[in-house]
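Biologist: I am new to this structure. Could you walk me through how to read it?

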Amino acid sequence: MASVTMSGNEETGLRVDRWTVTGWKFAAPGLTVLAIVMGIPLVYAVILATSSFTLLHPRVSPFVGFENFLSVMDDEYFWHSLWLTIKYSAIAVICEFLLGLGVALMLNRVVKLKAIYFAILTIPMAMSPVSVALIWHMLLQPNLGIVNELLVSAGLDGVDWLGSSNLAFWTVIFVDVWQQVSFVILILAAGLASLPKDPYEAAEVDGATDFQQFWYLTLPMLRPVATIAIIIQLINEFRTYDLVYVLTKGGPGVATDLLSFFAYKKAFLGLGINEGSATSFALLFLVLVLTIAFFRVISRRS
Amino acid sequence: MRINFLPSLLGGASLAALLTAAAPAAQADQVTLHALMEDVPETQIIESLLPEFEKETGIKVDFQKLVYSEMHDKLVTQLTSNESFYNVMEVDFLWAGEFPAAGWLADLQPFVEKSKFDLKPIIPAMLDLVGYYQQKLYLIPMYNYSMGMIYRKDLLEDAKLKAAYKEKTGKELAVPATLEDYVELSKFMKANAGVAGAAMQGQRGDPNSMEFSNYLFSAGGEYVDKDGKVVLNSDAGKKALGLYVDNIQHGVQQGALSATLDDTMRLMCDGKAFSMVTYWWMLPQIDDKAKCPNTAGKVALSVMPGGHGESGGWGWGIPQNQSPEMQEAAWKFISWVQGEKTSIARAMQGHAPVRSDTYSNAEVLKKYPYYKEAQDVVKSGKSFPIFAYSAQYEDVLGRQLSLAASGDAKPADALQEASEGLEKLLKKAGQ
């Protein structure tokens with residue numbers, strides 16, 4: 001009622017305020033849950049990372065400031081793990097995106113049995129990474145595994161998939177991509193299905209080839225969905241832990257010693273929950289920077 | 001109706017409350033102990049005898065079985081909680097410094113004194129390895145997993161191989177007496193016998209650290225000397241690492257750098273390896289016709305060439321974060337399972353005893369004549385350094401061993417780093 005009596009600008013201003021308040025009211029329950037399940041552990045992790053808390057001396061005092069961060073950064077293997085994680089995540093996400101886009105484009109043209117294809121695609125996604133790693137561990141076992149058995153029966157030499165420091169990194173990426181690519185396919189397929197048909201009809205009338213349609217229409221229109229898929233997958237890849245734990249334990253040498261696994265070892269083998277938390281914050285910081293960068297790219301383009 | 005409704009309601013509620021309260025009360029009489037156990041034959045042996053314990057004491061014992069690599073984290077999570085779900089702890093010797101140092105385990109001496117439990121029959125080396133920490137008894141040794149060499153007798157007796165070995169080395173084909181002989185033999189078998197010379201568990205961490213320790217002790221090396229000084233980077237240490245790298249690069253199965261105990265066991269059982277440095281109680285399994293038809297009757301056990309292998313063992317502990325009643329029940333179980341009668345019953349099923357009276361028991365020796373060699377393996381074993389950060393040191397050492405074995409680091413540099421890592425962690429632990 002109040003807005004009726006006000007001038008246009010005031011009316012608009014009041015409406016914005018009302019919408020803002022209503023928006024916050026709707027968001028409040030979700031934000032409260034987030035604060036409890038995310039905020040409290042995060043604050044506790046900050047306390048741990050800046051304290052002398054270890055499993056042998058489980059007390060948060062004295063406050064040690066950035067000492068744990070400096071101690072972690074002083075470890076040469078931290079920098080190795082950090083670089084390896086960046087390399088691993090970048091390669092895995094690029095592979096997942098390219099493969100995912102290719103399969104999603106093919107599925108977009110499929111008319112028959114679409115539901116069956118999608119059902120098959122969700123299987124790896126529905127499996128826990130530990131199960132996936134255990135299955136691939138058995139398949140890739142160099143002496144008794146099926147993969148090498150097939151290679152040998154084809155007259156080739158067996159391959160040391162996880163025991164070679166040159167190959168283990170790529171093998172873990174392969175297993176990761178095998179599991180994660182279906183998620184990218186599903187997101188991109190949903191994005192493709194929601195694209196408007198009119199631009200394509202106009203392009204056909206103008207005589208655009210399939211490639212031109214893909215390059216000038218599909219890709220630009222798919223960009224927001226693709227960026228979201230890339231961000232989600234980047235976050236997933238930065239957190240990779242289970243595959244390394246089951247397949248290689250970070251070896252051979254330090255070939256697969258990703259940052260999440262490094263943080264786990266600091267916390268549970270070294271009993272230093274404080275240093276483990278500090279390492280996790282380095283990971284969080286990296287993910288945050290990349291996420292913000294990607295969101296900026298989306299907002300600028302749009 | 002209204003007048004009758006309230007008493008009826010109250011009566012019904014009281015009856016329901018009584019009934020629901022009575023059920024847990026009846027269950028409460030039955031004490032159930034929970035224990036997290038490694039999924040190995042030793043656990044299955046004890047599990048088969050649990051009905052007897054329940055019959056004797058009325059206490060039920062529930063085992064949750066897990067692979068070794070998962071156990072430490074799960075136990076630590078329980079030990080740092082307000083009340084541990086597990087009432088009895090199966091503790092590896094590698095954690096026998098860490099858990100007491102953190103104050104997670106109860107001192108068992110009062111329980112021993114109160115129940116007059118006799119510690120004398122327990123092999124002193126096992127009590128030193130896994131029982132005492134800073135002169136206090138926190139664990140009762142459960143079973144040992146000292147390591148020796150299991151090898152194929154049939155390959156050593158093969159006439160063609162004998163001739164070829166003599167021609168190549170000028171020596172007789174025999175059980176190796178030194179570490180150098182062992183690695184030389186391993187490489188020879190790989191080149192001439194169509195099998196891996198050794199099934200090695202080179203995965204980074206516990207597998208390669210434990211395996212390398214056997215090489216170190218066989219070469220006459222130590223991690224720390226009697227005065228607590230780190231002496232890993234000695235001539236013996238260099239020799240041990242050199243031979244370890246040589247064998248893993250030239251004498252073993254493909255994929256050794258990612259192999260665990262299970263992988264080496266399968267390979268040996270399949271008849272695809274000449275030898276493996278492993279826990280002595282693996283012998284009956286590899287010698288079992290039903291499980292390993294390719295190797296049954298063809299394998300034997302010996303002390304690690306050089307005379308000393310890695311000593312290891314598990315112990316029983318009681319968490320501090322338990323009620324006194326549950327601690328008492330846990331002790332009843334520990335004293336039963338490690339008592340003479342149960343120990344012999346376990347040994348008759350292949351248990352790796354920690355009591356000398358079990359090794360010398362006539363019935364046991366009649367069934368398992370190789371327990372004589374097993375006792376030699378146990379007696380001659382030396383220990384990995386046990387302190388608060390033993391588990392972390394396994395990772396530090398394992399990383400360097402893996403780097404050296406994969407050719408990504410020079411053995412001399414890897415040994416230097418492993419030695420400095422040990423010094424750093426010992427200092428951190430205040431030792």
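Modeller: Gladly. One caution comes before anything else: this is a predicted model. Let us begin with strand pairing. Strand 6 of chain B runs antiparallel to strand 11 (residues 313-317) of chain B, and four bridges join them. For one such pair, take B:Tyr143, whose bridge partner in strand 11 of chain B is B:Trp314.

Biologist: Which sheet of chain B has the order 2-1-3-11-6, and is it open?

Modeller: Five strands make it up, the sheet is open, and its pairing is mixed. Look at its edges. Strand 2 (60-66) and strand 6 (140-144) of chain B each have a single partner strand, so one side of each has no neighbour in the sheet. On average, neighbouring strands here are turned by 25° against each other, direction ignored.

Biologist: Which helix of chain B packs on this sheet?

Modeller: Helix 2 (residues 41-57) of chain B does. Helix 2 touches strand 1 (32-38), strand 2 and strand 6 of chain B. Its direction makes about 165° with that of strand 2 of chain B.

Biologist: Where do I see the mixed pairing?

Modeller: Follow strand 3 of chain B. Strand 1 of chain B runs parallel to strand 3 of chain B, with two bridges between them. Strand 3 of chain B also pairs with strand 11 of chain B, in the antiparallel sense over four bridges. One residue shows both pairings. B:Met89 is the bridge partner of B:Leu36, and B:Met89 stands opposite B:Gly317 in strand 11 of chain B.

Biologist: How do I read the side chains of a strand?

Modeller: In a regular strand the side chains alternate between the two faces of the sheet. Now the case here. From strand 3 of chain B, B:Val88, B:Glu90 and B:Asp92 point one way, while B:Met89 and B:Val91 point the other way.

Biologist: How many residues of strand 3 (residues 88-92) of chain B are buried?

Modeller: Five of its five residues are buried, and the strand is mostly covered.

Biologist: What is the strand order of the three-stranded open sheet in chain B?

Modeller: The order is 8-7-9, with antiparallel pairing. Strand 8 (275-279) and strand 9 (299-302) of chain B are the edge strands, and each pairs on one side only. Neighbouring strands are turned by 30° against each other on average, direction ignored. Strand 7 (residues 147-152) and strand 8 of chain B share five bridges. Within that pairing, B:Gly148 has B:Thr278 as its bridge partner in strand 8 of chain B.

Biologist: What does B:Ile150 touch, leaving out residues up to four places away in sequence?

Modeller: Its contacts include B:Ser275, B:Met276, B:Thr278, B:Val299 and B:Leu301. B:Met282, B:Leu283 and B:Ile286 are also among them. B:Ile150 belongs to the largest nonpolar core, which has 188 residues. A:Leu188, B:Val88, B:Ile150, B:Ala199 and B:Ala273 touch the most other members of that core. Helix 7 (residues 168-193) of chain A gives the largest share, eleven residues.

Biologist: How should I read a helix?

Modeller: An α-helix has 3.6 residues a turn, so residues three or four places apart point the same way. Try helix 3 (residues 76-109) of chain A. It has 34 residues and reaches 50 Å from first C-alpha to last, close to the 50 Å expected. Its buried residues include A:Phe78, A:Ser81, A:Leu84, A:Thr85 and A:Tyr88. Further along, A:Val93, A:Glu96 and A:Gly100 are among the buried ones.

Biologist: Does helix 8 (residues 159-169) of chain B lie largely in the open, or is it covered, and why?

Modeller: Of its eleven residues, the number buried is one, so helix 8 of chain B lies largely in the open. Just after helix 8, B:Gly170 takes a positive phi of about 80°.

Biologist: How many residues does each chain bring to the contact?

Modeller: Chain B brings 28 residues and chain A brings 23 residues. On the chain B side, helix 3 (68-79), helix 12 (261-269) and helix 19 (390-405) each supply at least two residues. Helix 19 of chain B gives the largest share, six residues. By type, the chain B side divides into ten nonpolar, ten polar and eight charged residues.

Biologist: And chain B as a whole?

Modeller: Chain B has 20 helices and twelve strands. Its C-alpha trace spans about 105 × 50 × 45 Å along its principal axes. Of its 431 residues, 49% count as buried.

Conventions. Residues are numbered from 1 along each chain as its sequence is written. Chains are lettered from A and ligands numbered from 1 in the order in which they are written. This is a predicted model: local features need pLDDT of at least 70, side-chain atom pairs count only at pLDDT 80 or more; totals for chains, interfaces and linings use all residues. Two strands pair if DSSP finds at least two bridges between them. Axes are lines fitted to C-alpha atoms, for helices over the stretch in contact, and angles run from 0 to 180 degrees between N-to-C directions. Two residues are in contact if their C-beta atoms, placed from the backbone, lie within 7 Å. Ala, Val, Leu, Ile, Met, Phe, Trp, Tyr, Cys and Pro count as nonpolar, Asp, Glu, Lys and Arg as charged, and the others, Gly among them, as polar. A residue is buried if 20 or more other C-beta atoms lie within 10 Å of its own, exposed if 12 or fewer, and partly exposed in between; C-beta atoms are placed from the backbone. The expected span of a helix is 1.5 Å times one less than its number of residues. A nonpolar core is a set of buried Ala, Val, Leu, Ile, Met, Phe, Trp, Tyr and Cys residues joined through C-beta atoms within 7 Å.
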